[in-house]
Amino acid sequence: MIVPEVSSILPPDLVSRIRAEAAPAERLGRLTPTLLSILRDQGWLRLLIPASVGGLEYALPDLLALQEAASCADGSFGWVLALCGGAGFFAGFVEEGVARSLFGSPDVCVAGTGFPAGTAEEVPGGFRVSGHWRYASGAPHATLFTANCRVGDLSADAPVRAVIFLPDQVSLVDGWRSLGLRATASQDMVVRDAFVPVARTFTLDRPFRHATGPLYRYPFLQQAEAVLSVTLLGMTRHFLDLFEARILPKFEGARQAWDDAAANLSDTREDFYRVVRRSWEAGPGDTALLAQVGNVARGATRTALRCADGLYPYGGMEMMRVDTEINRVWRDIHTASQHTLLSPLLG
């Protein structure tokens, strides 16, 4: 199959606007107002929200091409898009009226975390929820928060249910002290004895009738694996482009190493898009293809780290300085690679 070049997806002037804000965003520790406006003006935080409630409901292959290009523009920008835009998917798993009221605003931004670090006690009409969840990317910008809870207690055999919090129910704690992706503002969420009605809770077992498209039948795990891995591939493309523009003119001896890295990335992208497209077209019934999606996701991590670390020794002081663009992208790659779904140690 023909995989489109990352540079062909977004207009060059938009990429330039995003990159001009990347260093200020890192210093700020969150996306700048300009970057947040781009996400909202482009409608990108509504990519996975059902069309029936005002979303764009992108097909997975189209979503991945856009996600890769946004991440190539800037890693933190792409990561917030992946996590906050990805959470719009949950609008398909609550009642239509609830989905419209919560996710229907053009300014919607949903932050959250998947690890079940909270408890939900059943009470009449809903649940009393408490917990402390870490690493909610884009948290300062959120209009909604989602989190997984253990129903009853935190024991491993307690059932898990997801809840949707309103902003006034959540306290944010800025504990994000990371090597890279610093502008994602992946802060902690703290909730103490908040009431959440049943209508603002969900599981991913079955979408509601307003979400009937193939996006909501495709398993969330493989969708998340694909989105996060293509985010890492976009960062790696940015790293290679910067190396070619900034390092090779000063050190032609690195040419073979760069050629090898570029070929490795190209092969990985080809394999990634081939597997994901086949899985998307086959649907959720083909479990063998679904397993392959996880494999190519972790393969993308291995490629990203191999490219970044293989070229790092050739970069000199520009690679080492924390205030350079290529160093920032190198740090972003290493931080993204630590996400549980991307760990190369899992496969």
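**Exercise 1. In which helix is the place of Thr268? Determine also whether Thr268 is buried or exposed, and describe its surroundings.**

Solution. The structure is a predicted model.

Step 1. Thr268 has its place in helix 8, which covers residues 255–282.

Step 2. The relative accessible area of Thr268 is 13%. Since buried means under 20%, Thr268 is buried.

Step 3. Leaving aside residues up to four places away in sequence, Thr268 touches Leu233, Gly299, Ala300 and Thr303.

Step 4. A polar atom of the Thr268 side chain lies 2.9 Å from the backbone oxygen of Asn264.

**Exercise 2. Check the length of helix 8 against its expected span, and examine the residue just after helix 8.**

Solution.

Step 1. Helix 8 has 28 residues, and at 1.5 Å a residue these should span 40 Å.

Step 2. The end C-alpha atoms of helix 8 are 41 Å apart, which agrees with that expectation.

Step 3. Just after helix 8 comes Gly283, with a positive phi of about 90°.

**Exercise 3. Describe helix 5 by its span, its burial, its packing partners and its N-terminal cap.**

Solution.

Step 1. Helix 5 runs over residues 75–86; its twelve residues should span 16 Å at 1.5 Å a residue, and the end C-alpha atoms are 16 Å apart, so the two values agree.

Step 2. Eleven of the twelve residues of helix 5 are buried, which leaves this helix mostly covered. Among the buried residues are Phe77, Trp79, Val80 and Leu81.

Step 3. The buried residues of helix 5 pack against several elements, including helix 1 (12–20), helix 3 (33–41), helix 4 (60–73) and strand 1 (110–123). Helix 7 and helix 11 (325–336) are also among these partners.

Step 4. The N-terminal end of helix 5 is capped by Asp74, which has a side-chain oxygen 3.3 Å from the backbone nitrogen of Ser76.

**Exercise 4. Describe the largest pocket and the second largest pocket by volume and lining.**

Solution.

Step 1. The volume of the largest pocket is about 1,100 Å³. The second largest pocket holds about 180 Å³ of space.

Step 2. In the largest pocket, 44 residues form the lining, and Leu83, Thr113, Gly114, Phe115 and His339 lie nearest the centre. Elements that each supply at least two residues of this lining include helix 4, helix 5, strand 1 and strand 3 (144–151).

Step 3. The lining of the largest pocket comprises 26 nonpolar, 17 polar and one charged residues.

Step 4. For the second largest pocket, helix 1, helix 4 and helix 7 each supply at least two lining residues. Its lining includes Glu5, Arg19, Arg237 and Asp241, and by class it has seven nonpolar, one polar and four charged residues.

**Exercise 5. Which sign does phi take in Tyr135 and in Leu181? Place each residue and state its exposure.**

Solution.

Step 1. Most residues other than glycine have a negative phi.

Step 2. Tyr135 has a positive phi near 65°. This residue lies in strand 2 (residues 126–136) and is partly exposed, with a relative accessible area of 44%.

Step 3. Leu181 likewise has a positive phi, of about 50°. Leu181 is located in the loop between strand 5 (171–173) and strand 6 (187–197), and it is buried, at 2% relative accessible area.

**Exercise 6. Locate Ala245 and state whether it is buried or exposed.**

Solution.

Step 1. Ala245 has its place in helix 7 (residues 220–247).

Step 2. Its relative accessibility is 52%, so Ala245 counts as exposed.

Step 3. Ala245 is 196 residues from Ile49 in sequence, and their C-alpha atoms are 38 Å apart in space.

How values were computed
Residues are numbered from 1 along each chain as its sequence is written. This is a predicted model: local features need pLDDT of at least 70, side-chain atom pairs count only at pLDDT 80 or more; totals for chains, interfaces and linings use all residues. Side-chain values use heavy atoms; hydrogens and water are left out. Helices (H or I, at least four residues) and strands (E, at least two) are DSSP runs, numbered from the N terminus. Buried means under 20% relative accessible area, exposed over 50%, partly exposed in between (1.4 Å probe, protein chains only). The expected span of a helix is 1.5 Å times one less than its number of residues. Contact means heavy atoms within 4.5 Å. A polar contact is a pair of N or O atoms within 3.5 Å; within protein, one must be able to donate a hydrogen and the other to accept it, and residues adjacent in sequence count only if both atoms are side-chain atoms. On a 1 Å grid over the protein atoms alone, a cavity is a set of points where a 1.4 Å probe fits but cannot get out, and a pocket is an open set with protein on both sides within 12 Å along at least five of seven lines; lining residues have an atom within 4 Å of a point. Grid points are joined across faces, edges and corners, and a volume is the space filled by probe spheres set on the points. Ala, Val, Leu, Ile, Met, Phe, Trp, Tyr, Cys and Pro count as nonpolar, Asp, Glu, Lys and Arg as charged, and the others, Gly among them, as polar.
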